[in-house]
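Colleague: Please take one part of this model, the nonpolar core, and go through it closely, with enough of the remaining chain to set it in context. Which residues of the largest nonpolar core touch the most other members?

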Amino acid sequence: MDRFKCMEVFVQVVRAGSLSAGAAACGMTTVTAARHVQALEARLGQPLLRRVGRRHAPSALGERYFVECTEVLARVADAEALADTGAVGGRPASVSGALSRHVGQIRVSAPTTVGAHLLMPIFAEYLQTHPDVALDLALKDRAVDLEEEGIHAAFQAGGNAEPGLVAHALRGVTHVACASPDYLARRGVPRQPADLAGHDCLGFRYDDVLGRWHVAEAGRDARLIAHNPLAQLQAAVCGMGIALLPEYLLAPEVDAGRLVRVLEADARLSEPMQLVHLAGRYVSSKLEHFVRYMVARLGPEATMAPAGASAAVPAGASVLALSPA
């Protein structure tokens with residue numbers, strides 16, 4: 001059987017959720033569609049689909065194979081689109097015009113809170129202007145393996161890209177120390193970083209790396225350790241201590257009077273961000289455009305430290321930071 005046709009059938013089955021619906025989308029019988037999928041499974045030596053009640057869902061291999069199939073089919077569509085542009089002197093009249101049509105799915109990974117709060121408005125803007133593109137968002141508070149998990153592009157904290165990845169620097173995420181008015185009324189307002197030694201500082205844990213407050217040269221263990229910035233935010237609102245929170249989460253709470261910024265001249269930290277994708281392989285036109293779009297909206301400011309450098313901290317703020325224990 002034609003391998004590309006088998007891929008098309010498999011993609012339609014996964015999208016439709018069943019062999020019968022996928023077959024109908026391809027204009028063939030369910031038996032014929034099943035034979036196309038079975039041909040792929042025979043070639044790979046593993047099942048691509050599994051039964052879930054009356055429906056069909058991709059297996060673990062099928063999920064990754066689906067992502068790759070959509071990429072291959074999109075690349076073929078890009079190539080065939082060149083023939084539709086018209087030729088002038090033996091060349092396409094508009095190659096860029098032919099490749100400007102972005103179609104298919106992009107699988108994107110980001111930390112949960114960053115993706116849901118900072119990036120979601122930009123994703124919505126992108127999808128509104130690109131109606132033929134779908135985003136599959138994997139929001140996870142852990143490091144992801146792009147190749148193993150079938151991720152096309154990942155938003156990551158930090159400024160050092162792992163080997164095998166192409167990194168695009170983004171603006172840093174500013175974190176500011178804050179506490180609730182109730183907590184500050186009970187415990188007092190810290191006037192200088194050294195005052196934090198007498199306060200309850202809220203810590204974090206990311207991907208099993210424990211974060212600690214470091215004030216001057218002395219560290220202080222946190223009374224509460226959370227795995228998620230939203231949990232830290234709620235703990236601070238509940239008066240449990242002082243937290244170092246990203247500005248995009250903090251600003252609405254300050255405006256509502258539920259939190260107060262403290263030590264603004266000293267307790268600020270800019271955490272680098274980057275957008276990465278795999279190196280050494282074909283990058284589809286839609287992925288290339290998605291990366292350019294995100295960098296244009298989230299690219300580094302003039303004062304941001306270059307990729308690979310430590311987090312940029314304003315002058316006078318080096319006495320306070322959150323770092324791995």
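Modeller: Before the core itself, a word on confidence: pLDDT, the predictor's confidence in each residue on a scale from 0 to 100, stays under 50 over residues 215-219, for which the model has 9 contacts beyond four places in sequence, a contact being heavy atoms within 4.5 Å. This is a predicted model, in which local features need a pLDDT of at least 70 and side-chain atom pairs count only at pLDDT 80 or more, whereas totals for chains, interfaces and linings use all residues. Residues are numbered from 1 along each chain as its sequence is written, and side-chain values use heavy atoms, with hydrogens and water left out.

A second stretch with pLDDT under 50 covers residues 302-325, where the model has 54 contacts beyond four places in sequence. Helices (DSSP runs of H or I, at least four residues) and strands (runs of E, at least two) are numbered from the N terminus, and among these elements strand β16, at residues 320-324, has the lowest mean pLDDT, 37, while helix α8, at residues 181-187, has the highest, 95. Over the whole chain the average is 78, with 77% of the residues scoring at least 70.

The secondary structure comes to 11 helices and 16 strands. Of the 325 residues, 42% count as buried, where buried means under 20% relative accessible area, exposed means over 50%, and partly exposed lies in between (1.4 Å probe, protein chains only). Contacts that reach far along the sequence are well represented, since among those between residues at least 6 apart, 71% join residues at least 24 apart.

Now to your question. A nonpolar core is a set of buried Ala, Val, Leu, Ile, Met, Phe, Trp, Tyr and Cys residues joined through side-chain atoms within 4.5 Å; the largest one here has 22 residues, of which I106, F123, Y126, F155, F290 and M294 touch the most other members. At least two residues of this core come from each of β5 (104-110), α6 (112-129), β6 (133-139), β7 (153-157), β8 (165-179), β15 (268-278) and α11 (285-298). Helix α11 gives the most, with 6 residues.

I106 shows how these parts of the chain meet: leaving aside neighbours within four places in sequence, I106 is in contact with Y126, V133, A134, L135, D136, H152, K286, L287 and F290. Separate from this core is a second one of 21 residues, which includes M7, L40, L49 and C69.

Within α11, Y293 is worth following, and at 16% relative accessibility Y293 counts as buried. Beyond four places in sequence, the contacts of Y293 are with I122, E125, Y126, T129 and H130. Y293 and I122 are 171 residues apart in sequence, yet their C-alpha atoms are 9.5 Å apart in space. T113, which has its place in α6, counts as buried because its relative accessibility is 2%. Not counting residues up to four places away in sequence, T113 touches L118, D141, N228, P229, L230, Y248 and L249.

For context outside the largest core, helix α1 (residues 3-16) has 14 residues and reaches 20 Å from its first C-alpha to its last, close to the 20 Å expected at 1.5 Å a residue, the expected span being 1.5 Å times one less than the number of residues. Its buried residues are C6, M7, V9, F10, V11, V13 and V14. In the same helix lies Q12, which counts as partly exposed because its relative accessibility is 27%; beyond four places in sequence Q12 is in contact with G22, A25 and C26. Just after α1, G17 takes a positive phi of about 90°.

Strands β1 (residues 49-52) and β2 (residues 55-58) run antiparallel and are joined by 4 bridges, where two strands pair if DSSP finds at least two bridges between them. R51 stands opposite H56 in β2, and G53, in this hairpin with 2 residues between the strands, takes a positive phi near 65°.

Finally, most residues other than glycine have a negative phi. L263, however, has a positive phi of about 50° although it is not a glycine; L263 is found in the loop between β14 (260-261) and β15 and counts as buried, at 9% relative accessibility.
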